[in-house]
Amino acid sequence: MDTVQADDSRFADVPDYDYEPEYVETGDAEMAYVDTGAGAETFLCLHGEPTWGFLYRTMIPTLEERGRVVVPDLPGFGRSEKFTDRDDYTYHRLYDALETFLVELDLRDVTLVCQDWGGLLGLPVAANNPERFARLVPMNTGLPDGTGGMPDVWHEFLETVETAPALDVGEVVAGGCASDLDDAVVDAYRAPFPSEDHLAGARTLPGLVPLDPDDEAADPIADARERFADWEKPVFVLFSADDPITRPARGDLAGVFPTADDQPETWIPEAAHFLQEDAGETVAEEIVAFVDRT
């Protein structure tokens with residue numbers, strides 16, 4: 001399969017994210033990641049569609065006061081390799097890449113922080129590798145197994161990213177925020193996508209969300225839901241108040257984890273789908289407080 005990778009020069013002017021990237025080979029694609037901080041805690045921060053690790057830049061300083069912070073770019077995004085053919089993006093391939101990443105770095109005692117597709121991939125990886133995880137913080141995400149539906153706004157988003165003649169990822173991210181983003185920030189979300197052949201993943205991932213039990217991702221996500229029925233480790237379901245896409249899924253997601261009710265029901269105010277952008281410092285403080293009480 002053919003891959004492309006954005007040139008380093010594309011990221012030269014990205015604000016407040018001057019961490020030197022590292023790379024790990026995961027089989028089909030090389031994944032870029034940031035690894036900063038040190039200490040007893042390890043935070044694994046997973047982005048979703050169509051962002052990259054830059055999304056966590058305002059959270060990293062608070063988290064690294066408590067420990068190590070690892071922020072990868074999923075295949076198809078950020079500084080990682082991207083498949084140029086949309087058919088090469090499958091749930092299983094992305095899952096395998098993330099699981100391989102976890103094993104190659106030998107991450108243990110992990111507090112998983114995941115949003116959007118970071119949850120659809122990261123939570124099943126945690127379910128299947130429980131010995132490596134200490135806590136879970138799912139944010140604005142879900143575990144759809146094809147038996148439920150998605151809100152109308154999500155279907156509108158799906159149609160947009162699949163069919164737009166020119167997909168402007170910066171505008172997509174800006175539209176998913178409650179706050180106004182600086183031009184330099186919007187450009188940072190455009191940086192990984194210099195041309196159409198870099199956009200295959202961004203155009204494909206929404207269509208991989210299972211809407212039917214026969215969809216490819218339905219079985220592994222359903223299996224994760226079953227495994228989590230016996231999960232005894234702390235889980236903090238942290239959602240924003242103003243995300244029309246995932247807000248309806250909060251109750252279902254919390255119900256998957258027996259320990260979710262042990263934590264306060266917390267909603268981040270004045271934040272939309274990309275809560276890391278709208279309220280990153282507040283979100284990081286909530287996560288640190290969760291670590292402190294568990």
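**Notes on serine 80, the ring pairs and aspartate 85**

1. Let's start with serine 80, which counts as buried, because its relative accessibility is 0% and the cut-off for buried is under 20%. Please keep in mind that this is a predicted model. Serine 80 belongs to the loop that runs between β5 (67-72) and β6 (82-83).

2. What does the side chain of serine 80 reach at 2.6 Å? The partner is the backbone oxygen of aspartate 73. Asp73 also appears among the residues in contact with serine 80 once neighbours within four places in sequence are left aside, together with Val4, Gln5, Glu30, Met31, Ala32, Leu74 and Pro75.

3. Now to the rings. The model holds 15 aromatic pairs. One of them joins phenylalanine 11 and tryptophan 52, edge-to-face, with 5.2 Å from centre to centre and 65 degrees between the planes. Phenylalanine 11 sits in the loop between β1 (3-4) and β2 (22-25), and tryptophan 52 in the loop between β4 (41-46) and α1 (60-64), so this pair ties together parts that are 41 residues apart in sequence.

4. Are these two rings buried or exposed? Phenylalanine 11 is buried, at a relative accessible area of 9%, and tryptophan 52 is buried too, at 0%.

5. A further pair is made by tyrosine 91 and tryptophan 117: the ring centres are 6.1 Å apart and the planes meet at 50 degrees, so the pair is tilted. Here the link is between helices, because tyrosine 91 lies in α2 (residues 91-104) and tryptophan 117 in α3 (residues 117-128); the parts tied together are 26 residues apart in sequence. Both tyrosine 91 and tryptophan 117 are buried.

6. Back to phenylalanine 11, which has more company. Ring pairs link Phe11 and Trp52 into a cluster with Tyr17, Tyr19, Phe54 and Tyr189. In addition, the charged end of arginine 79 sits over the ring of phenylalanine 11, 5.6 Å from the ring centre. You can find another such arrangement at phenylalanine 193, where the charged end of lysine 82 sits over the ring at 5.8 Å from its centre.

7. Last, have a look at aspartate 85, in the loop between β6 and α2. Aspartate 85 is partly exposed, with a relative accessible area of 37%. A polar atom of its side chain lies 2.9 Å from the backbone nitrogen of aspartate 87. Aspartate 106 is 21 residues from aspartate 85 in sequence, and the C-alpha atoms of the two are 30 Å apart in space.

Note on methods. Residues numbered from 1 in each chain as written. Predicted model: local features only at pLDDT ≥ 70, side-chain atom pairs only at ≥ 80, totals over all residues. Heavy atoms only, no water. Helix = DSSP H or I, 4+ residues; strand = E, 2+ residues; numbered from the N terminus. Buried < 20%, exposed > 50% of the residue type's maximum accessible area, 1.4 Å probe, protein only. Polar contact = N/O pair within 3.5 Å; in protein donor to acceptor, adjacent residues only side chain to side chain. Contact = heavy atoms within 4.5 Å. Phe/Tyr/Trp six-rings, centres within 6.5 Å; stacked < 30°, edge-to-face > 60°. Lys NZ or Arg CZ within 6 Å of the ring centre and 35° of its normal.
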